[in-house]
Amino acid sequence: MASRRLTQHQQDRIQRQQERRRDRADQRLEPVDSAGLGSEQTGLVIAHYGQTLIVEDSASRLYRCAARQNLGRLACGDQVIWQASGAEDGVVVAIVERRSLLTRPDYNGQPRPVAANLDAVAVVLAPEPEPSESLIDRYLVTISALGVRGLLVLNKLDVLSAPALAILTKRMEPYRRIGYPLLLTSSRTAQGLSELRAWLRGRVSLLVGQSGVGKSSLIKALLPDREIRIQAVSQFTGHGVHTTTTSTLYHLPDGGDLVDTPGVRSFELGEISLGDLDRGFVDIAPYLGRCRFSDCRHQSEPECALREAVTHGEIAARRLESYLQLRAMLKAARPG
Ligand SMILES: Nc1nc2c(ncn2[C@@H]2O[C@H](COP(=O)(O)OP(=O)(O)OP(=O)(O)O)[C@@H](O)[C@H]2O)c(=O)[nH]1
Ligand SMILES: [Mg+2]
Ligand SMILES: [Zn+2]
């Protein structure tokens with residue numbers, strides 16, 4: 001890849017990485033049992049297929065890697081220490097400390113890493129499939145608990161009539177009010193892509209949202225070399241190139257990385273505490289603890305600060321409903 005100017009943020013990141021790498025070397029990683037492994041080097045996990053990791057070295061070459069068993073689950077975006085075992089293969093021997101990790105509960109309810117070292121998450125919506133506020137609310141709580149920036153992207157602008165656009169924009173107004181920008185895009189006509197590019201510049205961002213909203217299409221529109229890259233990755237794995245089945249990281253031409261994820265129908269809250277939930281609903285947080293009864297359930301109790309705020313238009317009714325629903329779910333999952 002052509003050299004590019006590094007942003008301050010990237011320089012800081014590289015410096016942190018190098019410090020950590022030195023620390024690791026100081027601690028002396030255990031020697032590898034099998035002979036013929038190359039020297040330890042840093043790499044970036046750009047995709048993860050079952051047991052196989054695709055690791056990119058500092059010269060942008062891809063390697064199919066297995067991970068040492070004691071490492072736990074790795075994720076796209078992980079910085080790793082690895083050793084080559086062949087021209088296109090290697091072994092990951094260590095994970096560099098993560099600055100953030102997004103997880104989702106797996107079928108056993110155990111947290112499964114989705115992506116590591118994120119700075120931002122963009123929730124992609126479209127007129128079709130119909131947006132789900134409940135899904136958006138869950139993503140936003142997760143984004144807030146991760147401490148990363150959040151953005152809403154309404155894609156497929158080209159198929160929206162002016163009245164339909166007005167209705168959807170109005171529905172998204174509560175989010176804009178609590179500080180989540182709404183960008184309007186079309187990966188088909190390239191409308192809004194320069195704004196999206198500007199927002200993504202210099203950050204590691206994740207695209208999430210329902211299946212079919214156009215996450216992969218947006219990436220394709222942002223990255224002229226995506227097809228080449230996809231082919232390089234799919235060659236390694238034998239996976240198809242059209243349906244998104246696993247998270248994959250792409251480098252943006254202007255600096256920054258973008259992670260595509262498979263679409264979801266629902267998004268269960270991962271390792272979120274009740275405190276995270278309260279902080280994540282920034283429109284509701286200021287009213288908590290201001291009800292007449294300290295154990296107010298915010299249903300039909302008199303002088304409920306939350307319901308009064310809804311009456312006065314300070315909290316959207318649907319947001320309160322969503323908050324109460326998620327709170328009940330978290331309490332049921334974690335009694336006591
Ligand atoms: N009209 C229109 N169609 C779009 C736009 N972006 C994507 N599409 C279409 O929407 C469909 C789904 O697009 P994808 O990019 O595969 O959606 P995705 O979000 O990556 O879906 P998953 O990988 O299943 O999560 C495709 O048929 C695209 O051609 C757009 O801006 N306008
Ligand atoms: Mg996709
Ligand atoms: Zn109340």
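## Exercises on helix α9, Y139 and ligand 1

The buried residues of α9 are R319, L320, S322, Y323 and L326. Buried here means that 20 or more other C-beta atoms, placed from the backbone, lie within 10 Å of a residue's own, while exposed means 12 or fewer. They lie on the same side of α9, because they cover an arc of only 160° around the axis, taken over the directions from the helix axis to the C-beta atoms.

This is a predicted model, in which local features need pLDDT of at least 70, side-chain atom pairs count only at pLDDT 80 or more, and totals for chains, interfaces and linings use all residues. Residues are numbered from 1 along each chain as its sequence is written, with chains lettered from A and ligands numbered from 1 in the order in which they are written.

**Exercise 1. Check the length of helix α9 and describe its surroundings.**

Step 1. Helices are DSSP runs of H or I with at least four residues, and strands are runs of E with at least two, numbered from the N terminus. Helix α9 has 17 residues (317-333).

Step 2. The expected span is 1.5 Å times one less than the number of residues. That gives 24 Å, and the end C-alpha atoms are 25 Å apart, which agrees.

Step 3. Now look at the packing: the buried residues of α9 pack against α2, α3 (162-177), α7 (274-280) and α8 (305-311).

Step 4. Turn to the face away from the buried side, and you will find the exposed residues A317, Q325, A328, K331 and A332.

**Exercise 2. Place Y139 and find what it touches.**

Step 1. Y139 sits in helix α2 (residues 133-146).

Step 2. Y139 is buried because 22 other C-beta atoms lie within 10 Å.

Step 3. Leaving out residues up to four places away in sequence, Y139 touches V121, V123, V208 and F267; contact requires C-beta atoms, placed from the backbone, within 7 Å.

Step 4. One of these partners, V121, is 18 residues from Y139 in sequence and 8.8 Å away in space, C-alpha to C-alpha.

**Exercise 3. Say where confidence is lowest and where it is highest.**

Step 1. Use pLDDT, the predictor's confidence in each residue, from 0 to 100. Its mean over the protein is 86, and 83% of residues reach 70 or more.

Step 2. The lowest mean, 58, belongs to helix α6 (residues 226-237), and the highest, 98, to strand β10 (residues 182-184).

Notes
Contact = placed C-beta atoms within 7 Å.
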